[in-house]
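This report goes through the strand pairing, the charged pairs and the nonpolar groups of one chain. The sequence and the structure come next.

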Amino acid sequence: MKKILLILTLIAGSAVLAAAQPRSAGFRLGSTGFEAAYQHSINKSQFIEGDFGVDFGAAAGKKAGARLTALYNIIWARPAWTDEGSWAIYAGPGISLGYVADKVVYDVGDARISIFDKGAMLAIAAQVGLEYTFEFPLQISVDIRPYLGMHSNTGIKMNDQQYAGKSGFYNAGLAGFIPSISVRYRF
């Protein structure tokens, strides 16, 4: 009975501590897609971020996919550039996975054909950003987030011939060097 009471006390304490940490939810718009974004503060200098959204790939046309990204960020500096609100410069690593479109190159006879095809993606993400939190519960940020990883499709059918699936570098991940903007409600 004492063990059950101890476990229940630990669970309740964890829930209270988690609820006491600042959080924010909103959206992120970048060069490769649109994502729902959630941040949860661990302490004053660290937070975790989770994003889920539509990935348009790099010039992938109508082949939108989905991507899930989780990041661990450290706030490196809190410049006092204004008297109101607060600034933060942050960076951190993460991981991303999804079902997205990317460039796939096939050798067809003497020619090389590049197409955009959907497939599984697994990548390491790195993020560097600058955020501003207003005195009211609104937070905006600008960041870059490149993805370095692999993309693997299941194959395609071209000219009445089936071509096997290919795995390779996730090319659209380099579009993460183009800045993205996030707007979040802080609570």
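F27 has A36 in β2 as its bridge partner. The model is a predicted one, and this pair belongs to an antiparallel pairing in which seven bridges join strand β1 (residues 23-29) to β2. Strand β2 covers residues 33-43, and a hairpin of three residues connects β1 to β2. Strand β1 is also paired with strand β12 (residues 180-186), again antiparallel, through six bridges. Within β12, R184 stands opposite G26.

These strands belong to a chain with one helix and twelve strands. The order from the N terminus is α-β-β-β-β-β-β-β-β-β-β-β-β. Of the contacts with a separation of 6 or more, 56% are between residues 24 or more positions apart.

**Charged pairs**

Eight salt bridges are found in the whole structure. Side chains of opposite charge can pair when their charged atoms come close. Three of the pairs are listed below with their N to O distances.

| Pair | Closest N to O distance |
|---|---|
| R28 and D143 | 2.7 Å |
| E35 and R67 | 3.3 Å |
| D55 and R67 | 2.4 Å |

The salt bridge between R28 and D143 ties together parts that are 115 residues apart in sequence, because R28 lies in strand β1 and D143 in strand β7 (residues 138-144). Are these two residues buried or exposed? R28 is buried, with a relative accessible area of 4%, and D143 is buried at 2%.

R67 takes part in a salt bridge with E35 and in another with D55. E35 lies in strand β2 and R67 in strand β4 (residues 65-77), so their pair ties together parts 32 residues apart in sequence. The relative accessible area of E35 is 1%, which makes E35 a buried residue, and R67 is buried at 3%. D55 lies in strand β3 (residues 46-55), so the pair of D55 and R67 links parts twelve residues apart in sequence. Both D55 and R67 are buried.

Salt bridges link R28, E35, E49, D51, D55, R67, D143 and R145 in a network.

**Nonpolar cores**

The largest nonpolar core has eight residues: L71, V100, M121, A123, A125, Y147, Y170 and A172. Strand β6 (residues 111-133) contributes the most to this core, with three residues. A second, separate core has six residues, including Y106, V108, I156 and Y163.

Y147, one of the residues of the largest core, also touches charged residues of the network: among its contacts beyond four places in sequence are R28, E35 and R67. Other contacts of Y147 include A123, A125 and Y170, which are members of the largest core as well.

**Surface**

Of the 187 residues of the chain, 36% count as buried. The chain exposes about 10800 Å², of which carbon and sulfur atoms supply 69%.

Which residues form the nonpolar patch on the surface? The patch consists of F27, L29, F34, V54, F56, V142 and I181, with about 590 Å² of accessible area together. F34, a patch residue, is placed in strand β2. F34 has 39% relative accessibility and therefore counts as partly exposed. F27, the bridge partner of A36, is a member of the patch too. In a regular strand the side chains alternate between the two faces of the sheet. Strand β2 holds both F34 of the patch and the buried E35.

Note on methods. Residues numbered from 1 in each chain as written. Predicted model: local features only at pLDDT ≥ 70, side-chain atom pairs only at ≥ 80, totals over all residues. Heavy atoms only, no water. Patch = residues over 30% accessible without salt bridge, like charges linked within 9 Å, V, L, I, M, F, W, Y side chains within 5 Å. Areas by Shrake-Rupley, 256 points an atom, 1.4 Å probe, with all protein chains shown as cover. Salt bridge = Lys/Arg side-chain N within 4 Å of Asp/Glu carboxyl O. Helix = DSSP H or I, 4+ residues; strand = E, 2+ residues; numbered from the N terminus. Buried < 20%, exposed > 50% of the residue type's maximum accessible area, 1.4 Å probe, protein only. Contact = heavy atoms within 4.5 Å. Pairing = 2+ DSSP bridges. Core = buried A, V, L, I, M, F, W, Y, C linked by side-chain atoms within 4.5 Å.
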